[in-house]
Number of protein chains: 2
Amino acid sequence: MNVMNASPRRKELTRLAAQLFVQEGFDRTTVRMLAQEMGIKSGSLFHHFKDKQEILAAVIEEGTHNALLIARRALDSCEDHPEVRLRAMARAHLETLFTDRNAHVVALFEWRRLTPDASAHLSHLRDAYEALWVAVIDDALAAGLIHGDRFLVSRFVLGALNWTVRWYDPDGPRTPDDLADELVAMIMARQDEQSDSLALRD
Amino acid sequence: MNVMNASPRRKELTRLAAQLFVQEGFDRTTVRMLAQEMGIKSGSLFHHFKDKQEILAAVIEEGTHNALLIARRALDSCEDHPEVRLRAMARAHLETLFTDRNAHVVALFEWRRLTPDASAHLSHLRDAYEALWVAVIDDALAAGLIHGDRFLVSRFVLGALNWTVRWYDPDGPRTPDDLADELVAMIMARQDEQSDSLALRD
DNA sequence: GAGGTAACCAAGCAAGCGCTAGTGTGAACG
DNA sequence: CGTTCACACTAGCGCTTGCTTGGTTACCTC
């Protein structure tokens, strides 16, 4: 995609860093912790990354890039109906959040730790992702599936989805797809359904 | 409420600390920064607080306590109708988030930095607040205003509301009350309305 | 087999961290 | 007038932080 994350070694290191950043937060993660997790000494870390900030940028780039990829793939491989596409986006978002979890969570919660340059450089990736959402929501609005202000609706939906990382238990009875479907059902103006949203599971 | 935050001096210091914690994050806020903001030297800080952790606990207690107070007041002073109560809760939540903003934001985003004891001690406050939400949502469900799983609906709504701190611009055209009303309209099964949610503002 | 290169290590520096110890202050109180 | 107490100060200790330096190893290439 661009300059960063060339070598496979660096990619693996980035993955490990993401895990630690989620566990401890960026600020509390020391270069020594990162090095130990990677099986090297702290000094060797700076052979792969210019400084700690660059590790964060690499992680966030990876996370956002993946989210964008998964969302695009989901939209491309589903039938062209507003409701289906809405559901597909919600499912893709949660899939990203719970499989490739770490990098995306870092992108959500540590963005402000980026240096201004890195932030500026990466924001176009995030904007591209949000544009996908706005488009899908626009279609749903036009089709009368949902109502409201396009800006507000997309913010609310993304907020509800992003916040799931704070309470969702992957080992619980609900699958990510359950969550996505329930959310879509919640915001849709009822017409056909009513049965499926009430008796979903146990 | 309990042992903490007795003196008015300490209350003022807590307010200043909240502001810095929001601006910089707990980890990046040093005791020297806190002291300077308070107009004293870093050593003097420990006359008021046992350690840095205790400052965080004080801030979070203040924030959660206030949120609970505002929500209770809002519920007490509104008519006893499920839709009105739902709207009142949403408005109260956003009012908390944008007037007493700092302390509540810290409570949301720095909770995991609390020591286990402090977390255990404060979690009952948060639980009490969430219980208010669940009760209001239960009523709305029973009245057929909304549908879905009570647990999921309350999580989604709280997520959407909490996430507003990431994008909402208080100087923009929308008031917090606008946001609250729009959110409630979004999740409600339509029956009466339709007009007001479409043409809210410019 | 000489030269280049990617990956790593040992050692440590300068800065900054949370926090403590010991010492004034001035107002309040008996 | 003497004691107390809340509040603040100075000075700095012991430790951790991100990062640098100079050197070593293993492999690839011509």
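**Reading two contacts: chain to chain, and protein to DNA**

Guide: Start with the count between chain A and chain B: 4 salt bridges. Keep in mind that this is a predicted model.

Visitor: Which side chains meet in a salt bridge, for example?

Guide: Look for a nitrogen of Lys or Arg within 4 Å of a carboxyl oxygen of Asp or Glu. Here, B:Arg174 pairs with A:Asp149, N to O at 3.5 Å. Polar contacts are also counted across this interface, and the rule finds 14 residue pairs.

Visitor: Which element gives the most to the side of chain A that touches chain B?

Guide: That is α8(A), with 10 residues. By class, this side has 17 nonpolar, 8 polar and 11 charged residues.

Visitor: How many residues does the contact take from each chain?

Guide: Count residues with heavy atoms within 4.5 Å of the other chain. Chain A gives 36 residues, and chain B gives 36 residues. The area buried between them is about 3,500 Å², with 64% from carbon and sulfur atoms. In chain A, the residues losing the most area to chain B are A:Phe156, A:Trp163 and A:Met186, together 22% of what that side buries.

Visitor: Now the DNA. How many residues surround strand D?

Guide: Take residues with a heavy atom within 4 Å of the strand. There are 16, and A:Thr30 and A:Lys52 are among the closest. They divide into 3 nonpolar, 7 polar and 6 charged.

Visitor: Which part of DNA strand D do the side chains approach, base or phosphate?

Guide: Check each polar pair. A:Arg32 has a side-chain N or O atom 3.0 Å from a base oxygen. B:Arg9 lies 2.9 Å from a phosphate oxygen, by a polar side-chain atom. For B:His48, the distance from such an atom to a phosphate oxygen is 2.7 Å.

Key: Residues are numbered from 1 along each chain as its sequence is written. Chains are lettered from A and ligands numbered from 1 in the order in which they are written. This is a predicted model: local features need pLDDT of at least 70, side-chain atom pairs count only at pLDDT 80 or more; totals for chains, interfaces and linings use all residues. Side-chain values use heavy atoms; hydrogens and water are left out. A polar contact is a pair of N or O atoms within 3.5 Å; within protein, one must be able to donate a hydrogen and the other to accept it, and residues adjacent in sequence count only if both atoms are side-chain atoms. Ala, Val, Leu, Ile, Met, Phe, Trp, Tyr, Cys and Pro count as nonpolar, Asp, Glu, Lys and Arg as charged, and the others, Gly among them, as polar. Buried area is the accessible area (1.4 Å probe) that two parts lose on being put together, summed over both. Helices (H or I, at least four residues) and strands (E, at least two) are DSSP runs, numbered from the N terminus.
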